[in-house]
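Visitor: I should like to learn how to read a structure of this kind, one feature at a time. Where should one begin?

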Amino acid sequence: MLNESQRVGFKLHNLLVWEKNNCTPSQFYMKNCEYVLFLRKGKAKWINDIGGSKTVHQFNNIIGSKTHPCEKPVELLKFYIANSSNMGDVVFDPFIGTGSTMVAAKELGRQYFGFELETPYFDVATNKLLDIVDK
Ligand SMILES: C[S@@+](CC[C@H](N)C(=O)[O-])C[C@H]1O[C@@H](n2cnc3c(N)ncnc32)[C@H](O)[C@@H]1O
């Protein structure tokens, strides 16, 4: 992922850590975090929460009711989107899954688009977004 990103012109700015409230069982060190590549293209742009956001952040994982094994909590994605974009900006997620990023973007007043290969996940994402639009 990093190699490919660098190949198309992104630079690694920070390695962020999402510390979770659950662990992946393992015979070795149990994983209770996920790493996030914070990349930039061109000049570095300040985050919005200057002085308030650290590289390690805690958000509860979704436990029990996931429709995708890698489904991410909307609050986590809102944290990243709020820090790196403004109202009306466009958020792109090339791997939508169940649409958590799209939901986060919508709730924060961003425009959004993305791709998803698997029709069942695409349908889940579409229905989530339609629910929000209906409300
Ligand atoms: C890690 S999951 C995303 C989970 C998502 N963040 C969520 O909260 O539901 C990655 C998704 O990317 C999709 N995917 C993988 N390769 C793809 C491709 N080349 N184009 C579009 N979607 C792809 C997979 O089907 C999978 O649903």
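Guide: The discussion below takes the features in turn. Please keep in mind that this is a predicted model.

Visitor: What does the UniProt record place at residues 2-126?

Guide: The unreviewed UniProt entry places the feature "domain: DNA methylase N-4/N-6" there. Over residues 2-126 the chain is 26% helix and 28% strand, and the C-alpha atoms at the two ends are 29 Å apart.

Visitor: Which residues come nearest to the ligand?

Guide: Cys70, Phe95, Gly97, Thr98 and Ser100 come nearest, out of 14 residues around the ligand. By character, the shell divides into 5 nonpolar, 5 polar and 4 charged residues.

Visitor: How should one read a helix? Which residues of α2 are buried?

Guide: The general idea is a matter of repeat: an α-helix has 3.6 residues a turn, so residues three or four places apart point the same way. In helix α2, residues 74-84, the buried residues are Val74, Leu76, Leu77, Tyr80 and Ile81. They lie on the same side of α2, because they cover an arc of only 160° around the axis. These buried residues pack against β1 (11-24), β4 (90-93) and α3 (100-107).

Visitor: Lys78 also lies in helix α2. Is Lys78 buried, exposed or partly exposed?

Guide: Lys78 is partly exposed, because 19 other C-beta atoms lie within 10 Å, whereas a buried residue needs 20 or more. Leaving aside neighbours within four places in sequence, Lys78 is in contact with Ala104, Glu107 and Leu108. Lys78 and Leu37 are 41 residues apart in sequence and, from C-alpha to C-alpha, 16 Å apart in space.

Visitor: Which residues make up the largest nonpolar core?

Guide: In general, nonpolar side chains of soluble globular proteins tend to be buried together. Here the largest nonpolar core has 12 residues, namely Val74, Leu76, Leu77, Tyr80, Ile81, Val91, Ile96, Met102, Ala104, Ala105, Tyr112 and Ala125. The elements that give two or more residues to this core are α2 and α3. The largest share, 5 residues, comes from α2.

Visitor: Which residues of α3 are buried, then?

Guide: Ser100, Thr101, Met102, Ala104 and Ala105 are buried in α3. Their cover includes α2, β4, β5 (111-114) and α4 (119-134). Just after α3, Gly109 takes a positive phi of about 75°.

Visitor: Why does Val91 count as buried?

Guide: Val91, which lies in strand β4, counts as buried because it has 20 C-beta neighbours inside 10 Å. Not counting residues up to four places away in sequence, Val91 touches Ile81, Ser85, Thr101, Ala105, Arg110 and Tyr112. With the same exclusion of residues up to four places away, Tyr112 touches Val90, Val91, Met102, Ala105 and Lys106. The C-alpha atoms of Val91 and Gln27 are separated by 38 Å, and these residues are 64 apart along the chain.

Visitor: Let us end with a loop residue. Where is Thr55 placed, and is Thr55 buried or exposed?

Guide: Thr55 is in the loop between β2 (31-40) and β3 (56-58). Thr55 is exposed, because 10 other C-beta atoms lie within 10 Å, and the limit for an exposed residue is 12 or fewer. Apart from neighbours within four places in sequence, Thr55 is in contact with Asn14, Leu16 and Val17. Thr55 and Cys70 are 15 residues apart in sequence and 21 Å apart in space, C-alpha to C-alpha.

Methods
Residues numbered from 1 in each chain as written. Predicted model: local features only at pLDDT ≥ 70, side-chain atom pairs only at ≥ 80, totals over all residues. UniProt positions renumbered as here; feature names shortened; annotations may be inferred. Helix = DSSP H or I, 4+ residues; strand = E, 2+ residues; numbered from the N terminus. Near = placed C-beta within 6 Å. Nonpolar A, V, L, I, M, F, W, Y, C, P; charged D, E, K, R; others polar. Arc of directions from axis to C-beta. Contact = placed C-beta atoms within 7 Å. Core = buried A, V, L, I, M, F, W, Y, C linked by C-beta atoms within 7 Å.
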